[in-house]
Structures are given as structure tokens and as C-alpha cells.
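This briefing goes through the fold, the packing of helices and some backbone details of the structure shown below. Please keep the structure open while reading.

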Amino acid sequence: MQALTNRVQEVSRKPMSFMERLYIPAILKGMAITFSHIFKKKPTIRYPEEKRPFSPVYRGLHVLNRDEEGRERCTACGLCAVACPAEAITMEAAERLPNEEHLYREEKYAAKYEINMLRCIFCGLCEEACPKDAIYLSETFAPANFTRKGFIYGKEELLIPNPTTEPEAYAKAKGLQ
Amino acid sequence: MTLLAFDWALLIEKLVLIAVIVFGSLGIALYTTFAERKVAAVLQDRPGPNRAGPFGLFQPFADGLKLIMKEEIIPNTSNKVLFILGPGLAMTAALMTCAVIPWSSHVELFDRKIDLQIADINIGILYVFGVVSMGVYGIMIGGWASNNKFSLMAALRGASQAISYELAMGLSLIAVLMLSGSLSLKSIVGEQMADGNLWNIAYQPLGFFIFFICALAECNRTPFDLPEAENELNFGYHQEYSSMKLGFYLFAEYVNMIMSSAVMACLYFGGYDIPFLDESTLAPNIAALLGVGALLTKIVIFIFIFMWIRWTIPRFRYDQLMNLGWKTMIPLALANMLITGALILWKAGA
């Protein structure tokens, strides 16, 4: 029969020699190998104490951004929801009232902004679609939760802390500390 | 008044000894389970259990608590009495072996000479063999009472494996008995400690090798763990067991391991003898304590080798197991016995 590729190798079917049938040399060799592993460096990362660093391009949990004065950047245009292939984003828009200029950057803002983390595939298309630099994917992942409802993240979970009123929490969220 | 003439101090002494030895071996077995997990981890480049307490040292207690808290399930169609008897028998048989093992020489306490051995009976090693073969009943009864074909098959495997390997084990033992001329474990150890005598391993390397392999098979340790072959028999004879009854089966395996290590240390490695040291120059109490330490060290080394083998070698196929037992081990043991006998006669004649 003609071989399909040149990588074919004939399997040796000849009966085992006496030394091979003893098994002992092979067993001793195997035991030497396992013994040598005692002295090997363990690659384990002891998770809660030690964390694996994420790469800078890691796409993790979403963050709703604020500008330098601590105003929400999101204008509830809905482009992220349109871009989302998993249809994980829902939002409701509202109009900024005259005394809310310090809270929202533009006249329209998202009164409700929810991302279902169970649907989200962390593709980052929302980040690309956003014209206002309002949504970013951070370098963390969604922690475990007991209910499905717990995975629907609202504005409380998504918004980055206000840099003017909570500068420490903001720096921590930014990873500056 | 004959009752009162009884040596009550002896009774108390033996009771204390029994309690210490039984609970001591249980405690060691507890930590053997932990050691097994740690050894497995280290051989596989993992850190192993390290959450419960410092270095994970409380892990065996956590395991035990978990097993006790589990729901106890007794299958409807099983024979209830036998179902409960199975693990009990396995555990009892495993623990009973420790009665004849000489843990050390003797200590002198309260003007009494206390032997650190529960019973120095003159058929010591035969007793060990008898009790170890009773352990098979634990597997057989458990597997049969479960009313499950996988359990039954595993039980049959366990029984036939134990019978096959006990033969070779007994034959390799006969050569040791010819050397020492006694069945008592204490005098076998004494013979090896005597001046000018080496440990039996020096005279019986092949015998020890056969005995060791058979001990692996008797303890159902890998590569002979066919009765609990996970991949073909779904866990084997203790498949239907849950909670602490399962714990007893698993625990009995570790107790068996300690006991067979102790027996091997006594038969071939001088028991509580410390190499290159004349114990008679020391105070008897210190010598006895050092002896316990020496025996425990030997046991620990054997247990490590057991585990090392387990995490290296895959399981035998059933026909390979039987071939090895009947066609290799028994002829080798017979040859070893013949050669030893011939050499002893030749030496006596010369």
C-alpha cells in the first residue's frame, strides 16, 4: 500500500526481549523520572494571594468612564448596544436637568445602563463603537455570583469612582496605585 | 480469690499499650492520607493541599469531618447486615495486625519491664497472614452485599488477586523463617540484631523483592489496584458506599499499608534495630525510644516508596496480573526457597 504522507513509520511488532519482559528497568526509569520531579519548580500560582498579571490588551469587565471633572461621559446614544453581537447591553436615556451639569457631561445621559455579564462575550466591540470614550474593558473579570440576576451589572457596578470626590478609589480603579 | 491473684498491673499495662498502639496507628494512617496527597502533588509539580491550617496540616481532619457529614446511603436491595459488616471487617482486620508487631525492645517503668509489643506469640507471622487474609472478607462481603455487578466483579477480582499473591508471599516468607528458625516476629528481629548477623535483606534480596511486590498486591495499591479500577469498574467494591463507611474502606487501605510496611521492616530490615549502633550500650529506656523511632523511620520510607510507585506505574491488566502472580512470582519464590534451603544445609554440613 502506498503511504499517504512521508511521515508514516513502521510500528515494531517484534516480541519483547527478555530485558523488556522483565519490566524492572523500565519501571526504575519511570520512577527516576517521577523522583526528579520532586526537585522541579512548581508552576502553581496560589490564586487569592498571588495573581497572574493580565496583559495590557486583556478584555475584562466593562467600566463606564468619567471625564476629568467627574462627569459621566455616556450620552446613551445606544451605539454600543447596536454593536454588541451578544445583545448584552440595555440602556434608558434621560435628559439632563439644569442643576445636573456637574453630573453629566452632555445634555443626554444614561439613566439606566445594564450589561448582562452572562451574555457578554468580552469582544470589545462596544469599546470600539463608543464615540464618547465612555466605555472601556478593564483588566479584571466578573467574580462568581449566586444568582443570574447578580450578573446583570448596573451603573453602580460599572461606573468608575468619581476622580474629584473619591480620588483614592478612582486611582485604584485605574490601576495607578 | 483466684481472680484477685491476677496480675492486674499486666492488664493495665497491656490496655494502655493497646490504646497507644491502635490510636497511634490510626493517627499515622490519618496523616498517611495527607502524605499521599502531598507526595502525589510533589511528584506532579503541584503544591498539594495547603489551605486547612499551616501547610494544610489539618486537611485529614477536614476530610474526616466531610466524610462524617455526608449522607449515609444504604441501597434498598442490599443485605443490610453484611453491607455494614463489610467496612467494619476491613478496618478490624487491618488494625488487628498491629498486635504482634514488636514496636521496640522494652522500657523499664515503675519497676516493671514493659515489652513494647502487645503480644509476643510464637506464631506471630502466621497470625499476621491469617488476619491479612481475613481482610479479603471485608472486600468480598462489601462487594457482594452491595447488590451491584461492578462491585461484585471487583470483589471477585480482589479475592482472586489476594489468594494468588498470598501464595508467593508465603513462599518467600518461608525462606526467612528457615534463616531465623522462628515464627515470632520478636525473635526474627532479635536474630537480625544479634552480633555478626546482617539484616535479612542481605541474605534474602530476591525474597524481599517478591514479598514487596506481593505486599503491594495485598494492600490493593497501584499497580495492583484492580479491585477499585475506576475506569472499568466505577470505583469497584466500595461503589455503593457513602459517608464514613466509605471512609473506613479507604482508611483500612492506609492502615494496611502501615502494617505491611511494619511487617516488611521487621522481617527484612531489622525491625527496631538502628544500623551501626550497639543498643545494649544505651540505657534500656533510651534504646527503646530510639528503636521506636528507627522502626517508624523505616515504615515512613516504605510508605513513601508505596506512594512513589503508585504515582509512577499504571495499573496492570487482569491477565497480566494473573500471569505475573502465577507464572513469575510463585516459581521465583519457590526457587528462592530451594536455594536458601540448600545453602543453609550446605553451611550446616560444612
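Between which two helices of chain B is the loop that holds B:Asn220? B:Asn220 has its place in the loop between helix H8 (205-218) and helix H9 (230-233) of chain B. This is a predicted model, and the points below, grouped by topic, describe chain B in the main, with one mention of chain A.

**Overall build of chain B**

- Chain B contains twelve helices and two strands, which follow one another along the sequence in the pattern α-α-α-β-β-α-α-α-α-α-α-α-α-α.
- Its radius of gyration is 21 Å, close to the 20 Å that the globule rule gives for 350 residues, so chain B is as compact as a globular protein of that length.
- Taken along the principal axes, the box filled by the C-alpha atoms of chain B is roughly 60 × 55 × 50 Å.
- Of the 350 residues in chain B, 41% count as buried, and among contacts in this chain with a separation of 6 or more, 80% join residues that are 24 or more positions apart.

**Nonpolar cores**

- The largest nonpolar core has 87 residues, and those with the most contacts inside it include B:Ala90, B:Cys214, B:Leu216, B:Val255 and B:Ile258.
- Helix H10 (residues 243-268) of chain B gives this core its largest share, 16 residues.
- Apart from this core lies another one, of 19 residues, among them A:Val63, A:Ala76, A:Ala88 and A:Ile89.

**Helix H10 and its partners**

- The axes of H10(B) and helix H11 (residues 284-310) of chain B come within 9 Å and cross at roughly 120°; the two helices are therefore oblique to each other, and H10(B) passes H11(B) in a right-handed crossing.
- On the H10(B) side this contact involves B:Met257, B:Ile258, B:Ser261, B:Ala262, B:Met264 and B:Ala265, while H11(B) contributes residues including B:Leu295, B:Ile299, B:Phe302 and B:Ile303.
- The axes of helix H1 (residues 8-43) of chain B and H10(B) also come within 9 Å, crossing at roughly 110°, and these helices are therefore roughly perpendicular to each other.
- Here B:Ser25, B:Ile28, B:Ala29, B:Thr32 and B:Thr33 of H1(B) meet H10(B) residues, among them B:Phe251, B:Tyr254 and B:Val255.
- Leaving aside neighbours within four places in sequence, B:Ile258 is in contact with B:Ser25, B:Ile28, B:Ala29, B:Thr32, B:Ile299 and B:Ile303.

**Helices H3 and H4**

- The axes of helix H3 (residues 80-96) and helix H4 (residues 124-145), both of chain B, come within 8 Å and cross at roughly 160°, which makes H3(B) roughly antiparallel to H4(B).
- The crossing of H3(B) and H4(B) is left-handed.
- Among the residues that make this contact are B:Leu82, B:Gly86, B:Ala90 and B:Ala93 of H3(B), together with B:Val131, B:Gly135, B:Gly138 and B:Gly142 of H4(B).

**Positive phi outside glycine**

- B:Asn220 has a phi near 55°, a positive value in a residue other than glycine, and B:Asn220 counts as buried because it has 25 C-beta neighbours inside 10 Å.
- B:Asp45, in the loop between H1 and helix H2 (59-69) of chain B, has a phi near 60°, likewise a positive value in a residue other than glycine.
- B:Asp45 has 13 C-beta neighbours inside 10 Å and therefore counts as partly exposed.

Conventions: Residues numbered from 1 in each chain as written. Chains lettered and ligands numbered in written order. Predicted model: local features only at pLDDT ≥ 70, side-chain atom pairs only at ≥ 80, totals over all residues. Core = buried A, V, L, I, M, F, W, Y, C linked by C-beta atoms within 7 Å. Buried ≥ 20, exposed ≤ 12 C-beta atoms within 10 Å, placed from the backbone. Helix = DSSP H or I, 4+ residues; strand = E, 2+ residues; numbered from the N terminus. Contact = placed C-beta atoms within 7 Å. Rg over C-alpha atoms; globule rule 2.2 N^0.38 Å. Axes fitted to C-alpha atoms, helices over the stretch in contact; angles between N-to-C directions. Parallel < 35°, antiparallel > 145°, perpendicular 65-115°, else oblique. Left-handed = near helix turned anticlockwise from the far one by under 90°.
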